[in-house]
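Hi,

Here's the structure I promised to pass on. Have a look, and my notes are underneath.

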Amino acid sequence: MLTELNSVNILPPISGRDVLAVGKNYSEHAKEFNASGYDSSDKVDMPTHPVIFTKRATSIIANEEDILLHEDFTSTLDYEGEIGVIIGKGGFQISEAEAHNHVFGYTIINDVTAREKQRDHKQFFIGKSADTYCPMGPIAVPADQLPSVLTVTTHVNGEKRQESTTEDLIFSIPNLIKTLSESQTLRPGDVIATGTPAGVGFGLKPPTFLKTGDLVEISVTGLGTLRNKVSQAKAANFVTSRIDQETTIPINNLRLGGIGLKTLPKSNKRLDVQITGSGPKLLVFIHGLGGTKSFFSPLLSKLNLTDSTTYTTLTYDIEGHGLSPTSASSTITISSLANDLHELITSLDLPTQNQITLIGHSMGCLVVSLLATQHPDLAQRLILLGPPPSPLPQAGADASIQRAAKVRAEGLKNVATAVATAATSTKTKTERPISFNAVQMSLLSQDPEGYAKGCTALAGARDLAIDFASLKSEVLIVAGEEDKVSPVAWAQKLNGMLVRSRLEMLADVGHWHVFEDVDGVARGCW
């Protein structure tokens, strides 16, 4: 799928940690800085050691994002075009001779500075770390794709202000890496801003500082041009709103930065959702523990539902499974999963005015059954593939808790093999190697913590008593004759409890019905 570039937010090449920066590292700039009255470091033109400071991570912004001018903070906003070195290989006490082996590549940095703060506070940190004071980008390029000598040029409103090369550095890049790593370990992803040439605003006659509307453009050989405008700051701005979304609570299973996930309007959970077909009747599929929305793909293909004009189909990964993340602060239960499903159905643009069929597998059966009892008029039909007993027997709950602990301690390798072996039929294990491996791969693809939380949710079903007799919906139960999770006796008992139901038994099938016998499931369901 192609995406229009203007609909994509281009982020800084590196963010999330403070930038290591160097002051007074070009001789002519060191002279103009010493003569400016803003230099609170040593009062000499040429420093004897590198002047090192840091820029706070919250100062980092991307190409084309605005530099915010807080007029109550500074009246001397200045630019500094710099070459940024990106560390690719960490190290401690790195020699100058070995330094190049630790460099991934380069990017462009604008070391924006509030000059009077830099002067008054003696240390550079406050004057150089305000929000938006570290534009970085637009790209990062590996060192081996660039010439050995790089030229940095700065324009303000089209006027050239700065130009110099890495040959003019007082302290070379290898020397900076050696100095920084003498007592501290450099990490992959660390960025070193190597200093700025002469020509900054305070060095002009008269001194000329940035104001609202100014455009700063910094170009470096092979790295393109970093462009940022200066704009008036407001109390609420894109930096504060971005930080409002940050959390110290770990998020498991957030892959690719959450690209393409659907955010639920009430709970703010993010789920991976797929909608296919364009028909007036809605089919909603919810997988079980260890599954993903891909569990149903063979069935959708068999029934020609992908491009159907009769049905619209919704499949998704439950919280913590597949591509759907889960927060450490989120407790997953059958009830929470039912609430998620209801939010999905009611918030997406789906044909809900006609017939709705909810299809659940394994633990997903508990979710759709609970939802149907909570919202009796929502679904006209339920299809339950291997519904577990409700309430879940204590032995089953205890086994789920033990499995969660095992996965957290050891990962999913052994559990995947054990589940695939125990939950499939003899025929699947001996004659359907692709089906057996599909079960294993479905389990191995899970995030361990997300799967463990799913195990805990299933264990909680020991206290869940679904009132099946109250269901208004027509119910189809599909059970495998060798299913140990949803035994034949329970499937028959459940069928007797329901007012409008039918039971389809599949021979030579365990608990992973679609993987084991998609033809049988298709015949039984439609």
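Leaving aside its neighbours within four places in sequence, which residues is Leu358 in contact with? In this predicted model, the list runs Val284, Ile345, Val368, Leu371, Ala379, Arg381, Leu382 and Ile383. Leu358 belongs to the largest nonpolar core, which counts 85 residues, and together with Leu385 and Tyr451 it touches the most other members. Helix H8 (residues 363-374) puts in the largest share of that core, with eight residues. There's another core apart from this one, made of 40 residues, including Ile67, Tyr106, Ala130 and Leu176. As a general backdrop, nonpolar side chains tend to be buried together in soluble globular proteins.

Next, the sheet. It's an open one with five strands in the order S4-S14-S13-S10-S11, and the pairing is mixed. S4 (67-69) and S11 (159-165) each have a single partner strand, so they stand at the edges with one side left without a neighbour in the sheet. On average, neighbouring strands here are turned by 15° against each other, direction ignored. Further in, S10 (residues 151-156) and S13 (residues 215-220) pair antiparallel over five bridges, and Val152 sits opposite Val220 in S13.

Last, a helix pair. The axes of H10 (residues 413-422) and H12 (residues 433-444) come within 9 Å and cross at roughly 145°, in the right-handed sense. On the H10 side the contact is made by Lys413, Ala416, Thr417, Val419, Ala420 and Thr421, and on the H12 side by Phe436, Val439, Gln440, Leu443 and Leu444. Those residues split into seven nonpolar, three polar and one charged.

Cheers

Definitions and conventions:
Residues numbered from 1 in each chain as written. Predicted model: local features only at pLDDT ≥ 70, side-chain atom pairs only at ≥ 80, totals over all residues. Heavy atoms only, no water. Axes fitted to C-alpha atoms, helices over the stretch in contact; angles between N-to-C directions. Helix = DSSP H or I, 4+ residues; strand = E, 2+ residues; numbered from the N terminus. Left-handed = near helix turned anticlockwise from the far one by under 90°. Contact = heavy atoms within 4.5 Å. Nonpolar A, V, L, I, M, F, W, Y, C, P; charged D, E, K, R; others polar. Pairing = 2+ DSSP bridges. Core = buried A, V, L, I, M, F, W, Y, C linked by side-chain atoms within 4.5 Å. Buried < 20%, exposed > 50% of the residue type's maximum accessible area, 1.4 Å probe, protein only.
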